[in-house]
Amino acid sequence: MIVYRFLATPRWLGYAALTLAAATVMVLLGLWQLDRYHQRAEINARISAGTAATPVPLTSVVGAPSGAAGTVGPAPAEHSEWTRVTVTGRFDPAHEILVRGRTVEGAVGFEVLTPLVLPDGTAVLVDRGWVRPAAAGALTTPDVPAAPDGSVTVSGRLVPAESRGGRPQQVAGHAEIRRITPTEIAPGLPYAIFDAYVSADQPAPGLVAVPAEKQNALQNAGYVLQWWLFAAMTIYGFGYLARREARGPRPDNLLDDEDDDAHAEDDDTRAEAAEQLHDTPR
């Protein structure tokens, strides 16, 4: 009969507490990754749904800015992000910005961000498309097709603001940024803008449409399985060690101990015989 009374000793209680604490942390990490998986899966679903959806007016999914020039309006609700929208206005090429370091079709180039001024005087940033860098290098202004004149209607996806953006910098006579963050761009503009931007579906000739990049939700699903497997292995390891302790030494270990004792006795016998032989008169 296997007895587990030793589990009540302070040492084993400490082992149990440590095991439960580690397993709990791993389970919580798995739940966090599961939540991230659901968030990314929802984003991917909205991106897929927007592919064939009929565009709706921009102001029907996100609030228009109502502040002074250089400010932004409210951010779109999460469920409104990536919705296909339509908006009418006039492009303002004087405040056009190039977004550097953007990869499309395996090449690194620029996205062209041009404010579209609405009839009420507010504006929304429109990503008109992607262009390759100039042959002379990234510090040279690329050949960007001009924005159309007059009133235009743009259809595209409503893209949420990117994080960790900075103020536009002047490079070779044009404004550049690395990430599209309206709150950082707005102070340099003579009107209030939306706190999101529109990625055009049908860019002008010479520009390439920027595809919507889906989230890697499967990676988070893999992390869920990984953390929960670690938690199960931790608990199993404690149970294995406890059972091994309860069963005591294995029979083969006892035989090994007996063999060691026998060898030790043989060594002692040989030592005594050597001493007697040494002490014997010649």
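**Helix α3, its aromatic residues and a buried threonine**

In this predicted model, the buried residues of helix α3 pack against α1, the helix that covers residues 10–51. Those buried positions of α3 are Ala-217, Asn-220, Val-224, Ala-231, Ala-242 and Ala-246. The helix itself covers residues 217–247, 31 residues in total. From its first C-alpha to its last, α3 reaches 46 Å, which is close to the 45 Å expected at 1.5 Å a residue. Just after the helix comes Gly-248, a residue with a positive phi, near 80°.

Aromatic rings offer a second way into the structure, which holds 4 aromatic pairs. One of these pairs is formed by Phe-6 and Trp-12, with 5.1 Å from centre to centre and 70° between the planes, an edge-to-face arrangement. Both partners, Phe-6 and Trp-12, are buried. Another pair is found between Trp-227 and Phe-230, where the ring centres are 6.0 Å apart and the planes meet at 85°, so this pair is edge-to-face as well. Trp-227 and Phe-230 belong to helix α3 and are separated by about one helical turn, because they are 3 residues apart. Are these two residues of the second pair buried or partly exposed? Trp-227 has a relative accessible area of 24%, and is therefore partly exposed. Phe-230 also counts as partly exposed, because its relative accessibility is 35%.

Ring pairs also build a cluster, in which Phe-6, Trp-12, Tyr-15 and Phe-238 are linked. A further aromatic residue, Phe-91, has a charged neighbour: Arg-128 lies over the face of the Phe-91 ring, 5.9 Å from the ring centre.

Attention now turns to a loop. Thr-181 is found between strand β8, residues 174–177, and helix α2, residues 182–185. How does this loop residue count, buried or exposed? With a relative accessible area of 9%, Thr-181 falls under the 20% cut-off and is therefore buried. Which residues does Thr-181 touch, leaving aside those up to four places away in sequence? The contacts of Thr-181 are with Glu-162, Ser-163, Arg-164 and Gly-165. For Gly-165, a polar atom of the Thr-181 side chain lies 3.2 Å from the backbone nitrogen of the glycine.

Technical notes: Residues are numbered from 1 along each chain as its sequence is written. Side-chain values use heavy atoms; hydrogens and water are left out. Helices (H or I, at least four residues) and strands (E, at least two) are DSSP runs, numbered from the N terminus. The expected span of a helix is 1.5 Å times one less than its number of residues. Buried means under 20% relative accessible area, exposed over 50%, partly exposed in between (1.4 Å probe, protein chains only). Contact means heavy atoms within 4.5 Å. A polar contact is a pair of N or O atoms within 3.5 Å; within protein, one must be able to donate a hydrogen and the other to accept it, and residues adjacent in sequence count only if both atoms are side-chain atoms. Rings of Phe, Tyr and Trp (its six-membered ring) pair if their centres lie within 6.5 Å; planes under 30 degrees apart count as stacked, over 60 as edge-to-face and the rest as tilted. A charge sits over a ring if NZ of Lys or CZ of Arg is within 6 Å of the ring centre and within 35 degrees of the ring normal.
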